[in-house]
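Student: Can we go through this structure together? I would like to talk about contacts, salt bridges and pockets.

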Amino acid sequence: LRQKLEARKALLEFSYPYFITKKAPVSGIESYLDVDCHFRAEKGETFSLEVGVDVPIHTLCPCSKEISKYGAHNQRAWAKIRIRSTQPVWIEELVEMAEKGASTPLYSLLKRPDEKCVTEMAYENPRFVEDAVREIALQLNGDPRIDWYTVTVESEESIHNHNAFATVEKEV
């Protein structure tokens with residue numbers, strides 16, 4: 001493209017939904033989880049490729065758990081990961097990192113025993129957005145293929161009139 005247009009720099013960006021087959025934790029029933037994928041390639045004197053995913057996750061508020069007599073409030077959150085790497089990193093790998101940083105992964109289809117499992121798993125693994133971002137960043141830091149990243153987690157709060165947000169970026 002750069003040569004054809006006789007340009008000093010070329011930029012290509014695209015996004016698309018990607019579907020991952022997941023099994024419910026107890027029943028094993030399969031369904032598809034959709035994640036939004038992003039690619040951004042830039043070629044000037046050097047080449048740069050940025051890969052990203054937006055993964056729906058579940059967070060449970062540690063503060064609410066601590067002060068509540070009957071439970072804790074839960075929220076759906078979005079873990080947004082963007083990376084640059086020296087070698088290929090699969091979309092599924094990034095999704096797995098996002099889910100490990102959450103209170104629990106999300107599933108498209110759950111039977112009652114699955115709902116019980118996911119609810120209890122989240123209760124035993126409460127996360128603020130700051131915790132989720134930190135856990136994801138630790139995994140990315142541990143992967144020698146990844147040169148740079150930015151991670152954002154935003155919870156769509158269930159009892160507040162605002163969302164909770166945290167982000168971290170690895171300096172180059």
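**Contacts, salt bridges and pockets**

Tutor: Apart from neighbours within four places in sequence, Val151 is in contact with Lys80, Ile81, Val133, Ile136, Leu140, Ala166, Thr167 and Val168. Keep in mind that this is a predicted model.

Student: Where is Val151 placed?

Tutor: Val151 sits in strand β6.

Student: And is Val151 buried or exposed?

Tutor: Val151 is buried, with a relative accessible area of 0%.

Student: Ile81 was on that contact list. How many residues apart are Val151 and Ile81 along the chain, and what separates their C-alpha atoms?

Tutor: Val151 and Ile81 are 70 residues apart along the chain, and 4.6 Å separates their C-alpha atoms.

Student: OK, switching to charges. How many salt bridges does the count come to?

Tutor: The count comes to 11 salt bridges. One of them is between the side chains of Glu99 and Lys22, at 2.8 Å from N to O. That pair links distant parts of the chain, with Glu99 in helix α2 (residues 91-100) and Lys22 in strand β1 (residues 10-23), 77 residues apart.

Student: Why does Glu99 count as buried or exposed, whichever it is?

Tutor: Glu99 counts as buried because its relative accessibility is 15%, and the cut-off for buried is under 20%. Lys22 also counts as buried, at 12% relative accessibility.

Student: Which residue forms a salt bridge with Glu93?

Tutor: Arg145 does, and the closest N and O atoms of Glu93 and Arg145 are 2.7 Å apart. This pair too links distant parts of the chain: Glu93 is in helix α2, while Arg145 is in the loop between α4 (129-141) and β6, 52 residues away.

Student: Is Arg145 buried or exposed?

Tutor: Arg145 is buried, with a relative accessible area of 16%. Its partner Glu93 is partly exposed, at 24%.

Student: Which residues are joined into one network by salt bridges that share partners?

Tutor: Lys9, Glu13, Arg40 and Glu42 are joined that way. Within that set, the side chains of Glu42 and Arg40 meet in a salt bridge at 2.9 Å, N to O. Arg40 is partly exposed, with a relative accessible area of 30%.

Student: Now pockets. What space lies in the largest pocket?

Tutor: The largest pocket holds about 260 Å³ of space. It is lined by 16 residues, and those closest to its centre are Leu49, Val51, Arg84, Ser85 and Gln87.

Student: Which element gives the most to that lining?

Tutor: β3 gives the most, with 4 residues. At least two residues of the lining come from each of β3 (47-60), β4 (74-85) and β6 (146-156).

Student: How do the lining residues divide into nonpolar, polar and charged?

Tutor: For the largest pocket, 11 are nonpolar, 3 are polar and 2 are charged.

Student: And what about the second largest pocket, what space lies there?

Tutor: About 190 Å³ lies in the second largest pocket. Its lining consists of Leu33, Asp34, Pro56, His58, Arg76, Trp78, Pro105, Leu106, Tyr107, Ser108, Leu110 and Val118. Two or more of these lining residues come from each of β2 (30-43), β3 and β4.

Student: What does that lining have by class?

Tutor: By class, the lining of the second largest pocket has 8 nonpolar residues, 2 polar and 2 charged.

Key: Residues numbered from 1 in each chain as written. Predicted model: local features only at pLDDT ≥ 70, side-chain atom pairs only at ≥ 80, totals over all residues. Heavy atoms only, no water. 1 Å grid on protein atoms, 1.4 Å probe; cavity = no way out; pocket = protein on both sides within 12 Å on 5 of 7 lines; lining within 4 Å. Points joined across faces, edges and corners; volume = space filled by probe spheres on them. Nonpolar A, V, L, I, M, F, W, Y, C, P; charged D, E, K, R; others polar. Salt bridge = Lys/Arg side-chain N within 4 Å of Asp/Glu carboxyl O. Buried < 20%, exposed > 50% of the residue type's maximum accessible area, 1.4 Å probe, protein only. Contact = heavy atoms within 4.5 Å.
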